[in-house]
Amino acid sequence: MPITPFVVSAKNKIWTGALCALVIVEFASIMVYYAEIQSARLFSQLDSRGPITVERIMNALMCFTDLSLAGSLVFLLRRLRSGFTRTDAVVKSIIAYFLYTSLVTAVVACLSLIFAIVFPHSLLYLALDILISKRKRCP
């Protein structure tokens, strides 16, 4: 039987459903953002309120989703420790991997949100969005 979040959470439908809903909402916000960006032909058109507002919502959702997924997986994986040295070492390495990958993405998303708020007439936040897209794609 493959190990899935549903199995790791002891078949907790509410927990798994809430995390899946967060991921779906984040995906929908990303699709809306890129649909609005595609309609802009010039960088000056990005300064309108639509894409910037969606950008802020997307980054806030991305930060919250990554942190909640990492926290949930760390909590659930810590419960799976068995007391055997090798098994615990594997669980610890999986926990470290989830923490490092999700924390990097969450920090960059939070920085992008801060840059979009602090520098509203600059496109500095787009540079961080490029980092997020590269980070999400790479293993």
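**Exercise 1. Helix H4**

Which residues of H4 are buried?

*Solution.* Start with the list: Asp88, Val91, Ile95, Thr101, Ser102, Thr105, Ala106, Val108, Ala109, Ser112, Leu113 and Ala116 are the buried ones in H4. Buried means under 20% relative accessible area, exposed means over 50%, and partly exposed is in between (1.4 Å probe, protein chains only). Helices (H or I, at least four residues) and strands (E, at least two) are DSSP runs, numbered from the N terminus.

Before going on, a word on what you're looking at. This is a predicted model, where local features need pLDDT of at least 70 and side-chain atom pairs count only at pLDDT 80 or more, while totals for chains, interfaces and linings use all residues. Residues are numbered from 1 along each chain as its sequence is written, and side-chain values use heavy atoms, with hydrogens and water left out.

Next, check the length of the helix. H4 runs for 34 residues and spans 48 Å from first C-alpha to last, close to the expected 50 Å at 1.5 Å a residue. That expected span is 1.5 Å times one less than the number of residues.

**Exercise 2. The whole protein**

How many helices and how many strands does the protein have, and what pattern do they follow?

*Solution.* Count first: there are 5 helices and 0 strands. Then read along the sequence, and you get α-α-α-α-α.

Now look at the surface. Of the 139 residues, 32% are buried. The accessible surface is about 9000 Å², and 73% of that belongs to carbon and sulfur atoms. These areas come from the Shrake-Rupley method with a 1.4 Å probe, and for residues only the protein chains shown count as cover.

Last, ask how far contacts reach along the chain. A contact means heavy atoms within 4.5 Å. Take the contacts between residues at least 6 apart in sequence: 67% of them join residues at least 24 apart.

**Exercise 3. Confidence**

Where is confidence lowest, and where is it highest?

*Solution.* The score to use is pLDDT, the predictor's confidence in each residue, from 0 to 100. Its average over the protein is 77, and 80% of the residues score at least 70. Confidence is lowest in helix H1 (residues 5–8), with a mean of 64, and highest in H2, at 84.

**Exercise 4. The largest nonpolar core**

Find the residues of the largest nonpolar core, and say which helix gives the most.

*Solution.* A nonpolar core is a set of buried Ala, Val, Leu, Ile, Met, Phe, Trp, Tyr and Cys residues joined through side-chain atoms within 4.5 Å. The largest one has 11 residues: Tyr33, Ile37, Val54, Met58, Met62, Cys63, Ala106, Ala109, Ala116, Tyr125 and Leu126. Helices H2 (13–39), H3 (49–79), H4 (85–118) and H5 (124–137) each supply at least two of them. H3 gives the most, with 4 residues.

Here's the general background: in soluble globular proteins, nonpolar side chains tend to be buried together.

**Exercise 5. The disulfide**

Which cysteines form the disulfide, and which parts does the pair tie together?

*Solution.* A disulfide is a pair of cysteine sulfur atoms within 2.5 Å, and the structure holds 1. Cysteine 63 and cysteine 110 form it, with their sulfur atoms 2.5 Å apart. The link is left-handed, with -50 degrees about the S-S bond. Cysteine 63 lies in helix H3 and cysteine 110 in helix H4, so the pair ties together parts 47 residues apart in sequence.

Now compare accessibility. Cysteine 63 is buried because its relative accessibility is 10%, while cysteine 110 is partly exposed at 30%. Cysteine 20 is also worth a look: at 42%, cysteine 20 is partly exposed.

**Exercise 6. Helix H2 and what it touches**

What does valine 23 contact, leaving aside its neighbours within four places in sequence?

*Solution.* Begin with the helix itself: H2 has 27 residues and reaches 39 Å from first C-alpha to last, close to the 39 Å expected. Its buried residues are Thr16, Leu19, Leu22, Glu26, Ser29, Tyr33 and Ile37.

Valine 23 is found in H2 and is partly exposed because its relative accessibility is 36%. With those close neighbours left aside, valine 23 contacts Thr65 and Leu69. The C-alpha atoms of valine 23 and leucine 69 are 9.1 Å apart, although 46 residues separate them along the chain.

Finally, look from H3. Serine 68 sits in that helix and is buried at 17%. Not counting residues up to four places away in sequence, serine 68 touches Leu19 and Leu22.
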